[in-house]
Amino acid sequence: MNSTQQNDKYFLQFSKIKLWDEMATDIAYFLLSQGYETIMDKIDLTCGAIPQGEYEQVIDQGAPQQFLTFYTHIAEFRFAVAVTEALKMNKDYWVAIKKYCYDKGKVFRPEKFANIQAAYDLLDCCILDGTGDEDTKKITVAEQDKIVWEKLIDTHENYWQKAGSPVDIYYDLQSCFILGILNESSIKFANEENKIFTLSCEN
């Protein structure tokens, strides 16, 4: 991997960190509007915070991977805590959170996917899955109308356990986000026990 490719990889990881931190913050602001006055402090003190700013302002270019790894952990944990606190406050918020994730996915929906590989690539650009320097999944089927990948390690469970919720909640919300991206396309998404994932297209 040359330096340009490495920098592109770093920037992509940073973009994913910012996206999932933004989603955590949006949920927290919703709770604030519902009367949970200490939610922002709760999340910041429990998880830490990610500085505002562009990539060059936030990530030390002398040690980019170390900073990206650190902020990946924070973003994952912030999302888990925000959702957990929402469901503690009112379990009926679950429907609203699922819709939020679905609508957020729709923001990234293209007019049309060129092929199923393009859909997979877009998901890979949006889903925060590991720190960017580890192999977290493996494609086991790559066909014209189907891509199947298997999780090699669960990069999310630890954060949800620490937040006090089952990791199934994360995968349900991830599915909502993905279905939003795939909205109005012929591509279907399936999750088998949070380990095997499939994109398929009906010709």
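The following conversation goes through the pockets, cavities, strands and one buried residue of a predicted model.

Biologist: Where is glutamine 13?

Modeller: In this predicted model, glutamine 13 belongs to helix H1, which covers residues 3–33.

Biologist: Is glutamine 13 buried or exposed?

Modeller: Glutamine 13 is buried, because its relative accessibility is 5% and the limit for buried is under 20%.

Biologist: Which residues is glutamine 13 in contact with, leaving aside its neighbours within four places in sequence?

Modeller: With those neighbours left out, glutamine 13 touches Leu68, Thr72, Leu128, Gly130, Thr131 and Gly132.

Biologist: Let us turn to pockets. How much space lies in the largest pocket?

Modeller: The largest pocket holds about 330 Å³ of space. It is lined by 13 residues, and those closest to its centre are Lys9, Lys16, Asp124, Gly132 and Lys137.

Biologist: Which elements give two or more residues to that lining?

Modeller: They are H1 and helix H6, the latter running over 116–126. H1 contributes the most, with 4 residues.

Biologist: And how do the lining residues of the largest pocket divide by class?

Modeller: The lining has 7 charged, 3 polar and 3 nonpolar residues.

Biologist: What about the second largest pocket?

Modeller: The second largest pocket contains about 280 Å³ of space. Its lining consists of 18 residues, and Phe113, Asn115, Ser186, Ile187 and Cys201 lie nearest its centre. By class, that lining comprises 7 nonpolar, 6 polar and 5 charged residues.

Biologist: Now the strands. Which strand pairs with S4 over 5 bridges?

Modeller: That is strand S2, residues 146–151, which pairs with strand S4, residues 196–201, in the antiparallel sense. Within this pair, glutamate 150 is opposite isoleucine 196 of S4.

Biologist: How many bridges join S3 and S4?

Modeller: Strand S3, residues 187–192, is antiparallel to S4 and pairs with it over 6 bridges. Here lysine 188 faces serine 200 of S4.

Biologist: What do S3 and S4 form, and what is found in the turn?

Modeller: S3 and S4 make a hairpin, with 3 residues between the two strands. In the turn, glutamate 193 has a positive phi of about 55°.

Biologist: Where do side chains point in a regular strand?

Modeller: As a general rule, side chains in a regular strand alternate between the two faces of the sheet.

Biologist: Back to empty space. How many cavities of 30 Å³ or more does a search of the whole structure find?

Modeller: The search finds 2 such cavities. In the largest cavity there is about 160 Å³ of space. Of its 13 lining residues, Ile127, Asp129, Lys137, Trp149 and Gln174 are the closest to its centre.

Biologist: Which elements each supply at least two residues of that lining?

Modeller: H6, S2 and helix H8, which spans 168–181, each do so. The lining of the largest cavity divides into 7 nonpolar, 2 polar and 4 charged residues.

Biologist: Which residues line the second largest cavity?

Modeller: The second largest cavity, with about 30 Å³ of space, is lined by Trp20, Ala75, Glu76, Phe79, Leu128 and Tyr170. Leu128 is also among the contacts of glutamine 13.

Biologist: Which helix gives the most to that lining?

Modeller: Helix H4, residues 64–89, gives the most, with 3 residues. By class, the lining of the second largest cavity has 5 nonpolar residues, 1 charged residue and no polar ones.

Definitions and conventions
Residues are numbered from 1 along each chain as its sequence is written. This is a predicted model: local features need pLDDT of at least 70, side-chain atom pairs count only at pLDDT 80 or more; totals for chains, interfaces and linings use all residues. Side-chain values use heavy atoms; hydrogens and water are left out. Buried means under 20% relative accessible area, exposed over 50%, partly exposed in between (1.4 Å probe, protein chains only). Contact means heavy atoms within 4.5 Å. On a 1 Å grid over the protein atoms alone, a cavity is a set of points where a 1.4 Å probe fits but cannot get out, and a pocket is an open set with protein on both sides within 12 Å along at least five of seven lines; lining residues have an atom within 4 Å of a point. Grid points are joined across faces, edges and corners, and a volume is the space filled by probe spheres set on the points. Ala, Val, Leu, Ile, Met, Phe, Trp, Tyr, Cys and Pro count as nonpolar, Asp, Glu, Lys and Arg as charged, and the others, Gly among them, as polar. Two strands pair if DSSP finds at least two bridges between them.
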